[in-house]
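Q: Got a minute to go through this one with me? I'd like to begin with the charged pairs.

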Amino acid sequence: MLQRLTHLPREARDTLFLLAVIAWVILPQVERLPLWCSAMAAVVLLWRSQMAVQGQPLPSRWWLLGLLALASAATWWSYRTLLGRDAGVTLIVVLLTLKTLEMRARRDAFVIFFLGFFTMLSNFFFSQSLLTAAAMLVALLGLLTALVNSHMPVGRPPLLQAAKTAGWMALLGAPIMAVLFMLFPRIAPLWGLPGDAMSGRSGLSGQMQVGSIASLALDDSIAMRIRFDGPPPAQSDLYFRGPVFSSFDGKEWRALRSAFPTRYQLAADVTVQGPPVNYQVTLAANNRPWLIVLDATPTKPEIVGYTPSMAPDLQWLTDQPMADLVRYRATSYPQFRHGPTRLAVGLQDYVDLPSGFNPRTLQLAAEMRRSPELARAGTPQLIESVMQRLRTGGYEYTLEPGVYGTHTADEFWFDRKAGFCEHIASSFVLLMRALDVPARVVTGYQGGQVNNVDGLWTVRQSDAHAWAEVWVAGQGWVRVDPTSAVSPGRTGSFARLQPPQNVFTQALNTVSPGFAINLRAMWEAANNRWNQWVLNYSQSRQMDLLRKLGFDAPSWEDLSYVLIALIVLASSAGAVWTLWERYHQDPWLRLLHRAQARLRKAGWTVDAQDTPRQLATRLQALGTHSTDTAALAAWLLRLEAWRYAPQAPATLATLRRECRQLPWPLRLP
């Protein structure tokens, strides 16, 4: 097979190479394309490859029209539209593959090249990771190689030669690309980011629906990276605050919906203690207005392009969703106190329970209040009693608790006795409210893992967590993590949640347990550099660059001036290079070209590859009795002799002077 491929005609070989490049361009899209689209693309490419190898004729246009109509109908069936990002990418993949079935001329190949470039660009609509960029760089070089190869003369030039030319083109274009990247105005994406689809996977959400998920799949993607200026807090103290849920309708927890007037609603009332923790956060895009910070952060985080504000429940929000990777600095105090220290009207919002739900939990709370040891107990004693019940009652932390029924707290406390952090925190808060103790659910991230390569703390979606806050008289809101009573390792450093490992990772761990960890750490460190210097290169960093260049108050006009100046400078450098090349050209060739130009002006047809002896012979054949023609032919022979005769009497300067003095005819006879 290899020998057969080696001896294929050039057209078949070039077609197979182009089809391989197209397959590489489409490959990253397979997991996002409908199954029928991926199957259709694979079948069409294999069909076209068979035609190229066996020299079969291309299908008729009726085949193409039928396949296009079928693909359009399938796209409508999949998305209920032919517009938008997902449907558009599906159609462009279909058009690219179908176009290969009518590649009869070089013009058709050019259409395929540019459809391939656009399809390559569409990969960044879904992912802008370092891995995607590396794959598309290979695709770019492949398409450029095919494009260069299509412009090569007849024959069978090796693809390696076209690849070298394409590589030089990409290398020469890299400085222009870098300048445009640094100075071209930052424009928001024309296509939106994919919608939030966190249900059924670890991570944060705008509401908490307890009991509707039978199993929780761990999402190992990175939520944020943190660089601490000094020693970080203990891992068990790393609670990063996200959405706070205080309203429960029996099925779902949501943010507080208070019916009290504003003057009765609770304020933050933050009081900090101890040394601060200064750090920098690189937050992945989540399409949410949540600014994730370490508990508690009383001062406004430093973030460019957004206006953050703190809610009364200490959650920081921005004025717009985080549609892109963002970086900000914050100062937090792990030791803090917030909320009222005495009873207030607004605390009633945090003891409300929906009627008709969890009757056995209400009965349990009544029995606890009637017991002698808790009849007059304060809130700390009640908290400790419930936590002791979790420690000794046979409760279990699991990611596969099954689907809960209507009374989620009843099922947790008395039937299943198993669940993940949302079940445990929700059931704990409902029991505390049944005990007439104000309580609420807080979600966010807990813990993380330090990367030994770059020293940054990595917080993943699998570190998403839910805990409780209980109001205690004289102290305000106090964090209570009931999950730590059921599974202490969940909030420690020895039993962090890990997603299932694939076969490759399992094999690496079998051979060398530490190698897989170090390899992952190096990759994540490199990916973080990519995020910091490429994806996080925003408008503010462009302005910072102008400030470093000497602009006091940079604006878009200044950015345009700098860009135009660099374009003019690059154009001037190109002109100077051209003149330098022209000046350093072989002086003998330049003199020959001048003679050829004189002959063309006289009306003679001269090719660029004509030698001086050929021109002299043709001149002598015109008429040997012409003195001017004989002198010109003799000069051409002396020009050739200077080039190839070691002992030529004439110098190049003499020949150049004679060229100017020769009686060049205005018109050859």
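A: Sure. This is a predicted model, and the structure holds 18 salt bridges.

Q: Where do Lys99 and Asp108 sit, buried or exposed?
A: Both Lys99 and Asp108 are buried. Their side chains meet in a salt bridge, at 3.5 Å from N to O.

Q: And what's the N to O distance for Glu252 and Arg254?
A: The closest N and O atoms of that salt bridge are 2.8 Å apart. Glu252 has a relative accessible area of 12%, so it counts as buried. Arg254 comes out at 29%, which means partly exposed.

Q: What does Asp610 pair with?
A: Asp610 forms a salt bridge with Arg618, and the closest N and O atoms there are 3.2 Å apart. Asp610 is buried, with 10% relative accessible area, while Arg618 is partly exposed at 29%.

Q: Which residues are linked in a network of salt bridges?
A: Arg241, Asp295, Arg440, Glu469 and Arg479 are linked that way.

Q: Why can side chains like these pair at all?
A: Side chains of opposite charge can pair when their charged atoms come close.

Q: OK, switching to helices. How many residues does H3 have?
A: H3 has 20 residues. From first C-alpha to last it reaches 29 Å, close to the 28 Å expected at 1.5 Å a residue.

Q: Which residues of H3 are buried?
A: The buried set is Cys37, Ser38, Met40, Ala41, Val44, Leu45, Arg48, Ser49, Met51 and Ala52. Looking down the axis of H3, those buried residues fall within an arc of 165 degrees, so they line one face of the helix.

Q: Why would spacings of three or four places point the same way?
A: An α-helix has 3.6 residues a turn, so residues three or four places apart point the same way.

Q: What do the buried residues of H3 pack against?
A: They pack against H2, helix H4 (61–79) and helix H5 (85–99).

Q: And which residues are exposed on the other side of H3?
A: Leu35, Val43 and Leu46 are exposed over there.

Q: What about just after H3, what phi does Gly55 take?
A: Gly55 takes a positive phi of about 70 degrees.

Q: Going back along the chain, where does Val30 lie?
A: Val30 is in the loop between helix H2 (10–26) and helix H3 (35–54). Its relative accessibility is 37%, so Val30 counts as partly exposed.

Q: Which residues form a nonpolar patch with Val30?
A: Trp24, Leu27 and Val138 join Val30 in that surface patch, and together the four have about 360 Å² of accessible area.

Q: New topic: Ala633. Which helix is that in?
A: Ala633 is in helix H20, residues 627–644. With 0% relative accessibility, Ala633 counts as buried, since the cut-off is under 20%.

Q: What is Ala633 in contact with?
A: Setting aside neighbours within four places in sequence, Ala633 is in contact with Ala616, Leu619 and Gln620. As for Leu615, 18 residues away along the chain, its C-alpha is separated from that of Ala633 by 7.5 Å.

Q: Last bit, the whole chain. How many helices and strands?
A: The protein chain has 21 helices and 20 strands. Of its 669 residues, 43% are buried.

Q: And what share of the exposed area do carbon and sulfur atoms supply?
A: They supply 61% of the about 35300 Å² that the chain exposes.

Q: How about contacts between residues at least 6 apart, what share join residues at least 24 apart?
A: That comes to 70% in the protein chain.

Methods
Residues are numbered from 1 along each chain as its sequence is written. This is a predicted model: local features need pLDDT of at least 70, side-chain atom pairs count only at pLDDT 80 or more; totals for chains, interfaces and linings use all residues. Side-chain values use heavy atoms; hydrogens and water are left out. Patches are made of residues with over 30% relative accessible area and no salt bridge: like charges are joined within 9 Å, nonpolar side chains (Val, Leu, Ile, Met, Phe, Trp, Tyr) within 5 Å. Accessible areas come from the Shrake-Rupley method with a 1.4 Å probe; for residues, only the protein chains shown count as cover. Helices (H or I, at least four residues) and strands (E, at least two) are DSSP runs, numbered from the N terminus. Buried means under 20% relative accessible area, exposed over 50%, partly exposed in between (1.4 Å probe, protein chains only). The expected span of a helix is 1.5 Å times one less than its number of residues. The arc is that of the directions from the helix axis to the C-beta atoms. Contact means heavy atoms within 4.5 Å.
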